[in-house]
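Visitor: I have a structure to look at and some labels I would like to understand. Could you walk me through the reasoning behind them?

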Amino acid sequence: MIIILVRTLILYIFVLISVRIMGKGELSEMQPFELVVTLMIAELASLPMEDTKLPLINGVIAIFTILFVQITISFINLKSEKARGFICGKPSILINKGVINEKELMRLRINMNDLIEQLRTKDYPVIKDVEYAILETSGDLSIIPKPNKRPPTVEDINASPVYEGLPTSLIIDGKINFGNLTYLNLDESWLKNILKQNNISTIEEVFFCSIDENNDVFVQKKLSKGDI
């Protein structure tokens, strides 16, 4: 029992390190070959966990080999556009200048119902509003609407944009982030005064509180037991 526990912990740490070495991009993009690598690492790690007769080093070497191949392929993709096109494939244009590309849909075995569903999830239920629909190599659908259907920008309406910056969390689930308070040159008494202005008497009542670079404070109370 203890042997299985130790082997599992060792393999878990090694797999975690391997995933971190692959980088955040691997988790966000998930190209086809990256999905294969992820599945293989999971399988290679599970075998030594289940069978204690298998040497632990076998699983470690196998995972290390997959990691090395993955990093090598990623480096090749970074340096060669042709290799990237061969390994990852190329984006497919499903709607081109407002016209549905039937041949591409047939080649990818995508029916119109699937395309319409994907357009709806992107908030474009009407096909005639779409200028381009591109199926990326990661499987995500990118949509470029027609000019008259694009949301206006501050530049379009000749307005001066207000810089908001990133909000800084002050309270999360009833606990003060004293590090952020110190960084902003604020203190607990100031924070409690803000809460009183929002009819909140204690820190424990707050689910989330943040402040942006314009000093606008957002406060949300926890749900009461009766609301849960």
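Guide: Gladly! Let's start with a cut-off: a residue is buried under 20% relative accessible area, exposed over 50%, and partly exposed in between. Keep in mind that this is a predicted model.

Visitor: Why is Phe208 called partly exposed?

Guide: Phe208 has 28% relative accessibility. Partly exposed covers the range between under 20% and over 50%, so Phe208 counts as partly exposed.

Visitor: And why does Phe218 count as partly exposed?

Guide: The value for Phe218 is 43% relative accessibility. That also lies between the two cut-offs, so Phe218 counts as partly exposed.

Visitor: What makes Phe208 and Phe218 an aromatic pair, and why is the pair called tilted?

Guide: Rings pair if their centres lie within 6.5 Å, and these two are 6.3 Å centre to centre. Planes under 30 degrees apart would be stacked and over 60 edge-to-face; here the angle is 50°, so the pair is tilted. The structure holds 1 aromatic pair. Phe208 sits in strand E7 and Phe218 in strand E8 (residues 217-221), 10 residues apart, and the pair links distant parts of the chain.

Visitor: What makes strand E3 largely enclosed by the rest of the structure?

Guide: Strand E3 spans residues 130-135, and 5 of its 6 residues are buried, so E3 is largely enclosed.

Visitor: How do you know that E3 pairs with strands E1 and E4?

Guide: Two strands pair if at least two bridges are found between them. Strand E1 (residues 92-96) is joined to E3 by 4 bridges, and E3 to E4 (residues 141-145) by 5, so both meet the cut-off. E1 and E3 run antiparallel, as do E3 and E4. Among the partners, Ile93 is matched with Ile134 in E3, and Val130 with Pro145 in E4. In the hairpin of E3 and E4, with 5 residues between the strands, Gly139 takes a positive phi near 95°.

Visitor: What makes a group of residues a nonpolar core?

Guide: The residues must be buried, of a nonpolar type, and joined through side-chain atoms within 4.5 Å. The largest core has 12 residues, including Leu195, Ile200, Val206 and Val219. Strand E5 (168-172), helix H9 (188-197) and strand E7 (206-211) each give two or more residues to this core, and E7 gives the most, with 3. A second, separate core of 11 residues includes Leu119, Tyr124, Val130 and Ala133.

Terms used:
Residues are numbered from 1 along each chain as its sequence is written. This is a predicted model: local features need pLDDT of at least 70, side-chain atom pairs count only at pLDDT 80 or more; totals for chains, interfaces and linings use all residues. Side-chain values use heavy atoms; hydrogens and water are left out. Buried means under 20% relative accessible area, exposed over 50%, partly exposed in between (1.4 Å probe, protein chains only). Rings of Phe, Tyr and Trp (its six-membered ring) pair if their centres lie within 6.5 Å; planes under 30 degrees apart count as stacked, over 60 as edge-to-face and the rest as tilted.
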